[in-house]
Amino acid sequence: MAQEKISRWQLISIIFLFEIGTTVLFGLRMQAKQDEWLAILAAMLGGLGLMWVYTKLSEYYPNRTLVQMIPEIVGKWIGYPLSLIYILNFAYESSRVLRDFGELIVQTILTDTPILVVMAGFILSVVYCLRGGLEALARLGEILFPVAFLSLILGWILIFASQIHHFEYVQPVFSKGLRPVLSAVFPFLIVFPFGQTLLFMMFTLNSNDRSSIKKAGMIAVLASGIILSLNMLGLIAVLGPKVLEETEFPLYTAIGMVSLGDFIMNLDALAILLMVLGGFFKLGAFMYGTVLGTAQLFKLESYHSILIPWGMIILAMSLIIASNYTQHINLGWSISIPYIFFPLYIVVPIILLIVAAVRKHSGARGR
């Protein structure tokens, strides 16, 4: 299978857009109440540690993606089933992102459009992009990263210019100590979105400057963590923790409240733009991991032939995982994050790193 190469800046752009993804628009569990923005910063520190784990594994196996290195670390009998589990997990994550996008669109701007039509159009656009290879997704990310970043900044400038914020909502800080903050971090915020960067172990083969992978990953996690924390701080100041906890699309709601004179208002489309950009790259990255991992595990010449079949499977999964949006969200918080994502994104990679380090150390001593 031909290698696809991307630059360090392209890698940073994709990781940043992936991390922001749907997270910037959707509400969190608000376990830490008005300290949720601090919980995100704490989770970011954990995310930097996880990025070190992921990149260290990639350094041990520089010519392997996650799916390829697992059998070499733990053997074929455990490795191949575990690699398959990760592929299925990436597909499941793809279906959840697709459902997030579909729910936002049909609940906001296309209220009379069937959700199947919205999601089918979105998945087709991602399949079309990936048919051009990872380079096409990377170039698109490089171009659209400034658009997403500036749109978010513009949105918050307009929100604060409208004077709808109340900084007393953010106080008092640490009113109930550190326990609520730590409860928000583990296992939820450490996984969503920071633990999801494990996906980029499927990209390590594709950077044309391997020494820059760790640096690019750290920069992207740090930048996205700060942006997400500031975004949450602003949302708390505008809506308050109680309202924010019950609001399905808080940034959409906050931007919709903007009113400057009689000519700057109804800026809901700005929030939709951010959602489309972030959702596109999050879905594109997860789907790339799915099809590439499948091609590598089953020794296919190319992943292009399985793009459409996997796209259809992901579309079907997005429809059947939950009967409504509330059930979809509850499934994510109560089952997926603590019992699926936490072990796969945190526990297993740490175990793999320990085993890989022992094997490398033993091999070095043997020589």
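Begin by selecting helix α1, which has 13 residues and reaches 18 Å from its first C-alpha to its last, close to the 18 Å expected at 1.5 Å a residue. The expected span of a helix is 1.5 Å times one less than its number of residues. Helices (H or I, at least four residues) and strands (E, at least two) are DSSP runs, numbered from the N terminus. This is a predicted model, in which local features need pLDDT of at least 70 and side-chain atom pairs count only at pLDDT 80 or more, while totals for chains, interfaces and linings use all residues. Residues are numbered from 1 along each chain as its sequence is written, and side-chain values use heavy atoms, with hydrogens and water left out.

**Helix α1 and its surroundings**

Is α1 enclosed or open to the outside? Of its 13 residues, 11 are buried, so α1 is largely enclosed by the rest of the structure. Here, buried means under 20% relative accessible area, exposed means over 50%, and partly exposed lies in between (1.4 Å probe, protein chains only). Among the buried residues of α1 are Q10, S13, F18 and E19. Display α6, α8 (213-239) and α11 as well, since the cover over these buried residues includes them.

Next, select S13, which is placed in helix α1 (residues 8-20). S13 is buried, with a relative accessible area of 0%. Leaving aside residues up to four places away in sequence, S13 touches G141, E142 and F145; contact means heavy atoms within 4.5 Å. After α1 comes G21, whose phi is positive, near 35°.

**Helix α6**

Select residues 134-161, which form helix α6. This helix has 28 residues and reaches 40 Å from its first C-alpha to its last, close to the 40 Å expected at 1.5 Å a residue. Where does α6 have a kink? A kink of about 40° lies at L144, shortly before the proline P146. The bend at a residue is the angle between axes fitted to the seven residues ending there and the seven starting there. Following α6 is Q163, with a positive phi near 55°.

**Aromatic rings**

Now show the aromatic side chains. The structure holds 20 aromatic pairs. Rings of Phe, Tyr and Trp (its six-membered ring) pair if their centres lie within 6.5 Å; planes under 30 degrees apart count as stacked, over 60 as edge-to-face and the rest as tilted. Y288 and Y303 form an edge-to-face pair, 5.6 Å centre to centre with 85° between the planes. This pair links distant parts of the chain, with Y288 in helix α11 (residues 268-297) and Y303 in the loop between α11 and α12 (307-320), 15 residues apart. Both Y288 and Y303 are buried.

Extend the selection to F18, Y86, F90, F200, F203 and F286, which form one aromatic cluster with Y288 and Y303. Add K282, which lies over the face of F18 at 5.3 Å from the ring centre. A charge sits over a ring if NZ of Lys or CZ of Arg is within 6 Å of the ring centre and within 35 degrees of the ring normal. For another such case, select K360, whose charged end sits over the ring of Y61, 4.8 Å from its centre.

**Details of the backbone**

Select F186 and P187, which are joined by a cis peptide bond with omega near 0°. P187 is found in helix α7 (residues 179-191). Then move to F192 and P193, where the peptide bond is also cis and omega is about 15°. P193 lies in the loop between α7 and α8.

Which value does phi of F174 take? It is near 55°, a positive value in a residue other than glycine. F174 is found in the loop between α6 and α7 and is partly exposed, with a relative accessible area of 38%. K299, in the loop between α11 and α12, has a positive phi near 55°. K299 is exposed, with a relative accessible area of 61%.

**The whole chain**

Finally, display the whole chain, whose secondary structure comes to 13 helices and two strands. The radius of gyration is 20 Å, close to the 21 Å that the globule rule gives for 367 residues, so the chain is as compact as a globular protein of that length. This radius is taken over C-alpha atoms, and the globule rule is 2.2 Å times the number of residues to the power 0.38. Buried residues make up 56% of the 367 residues.
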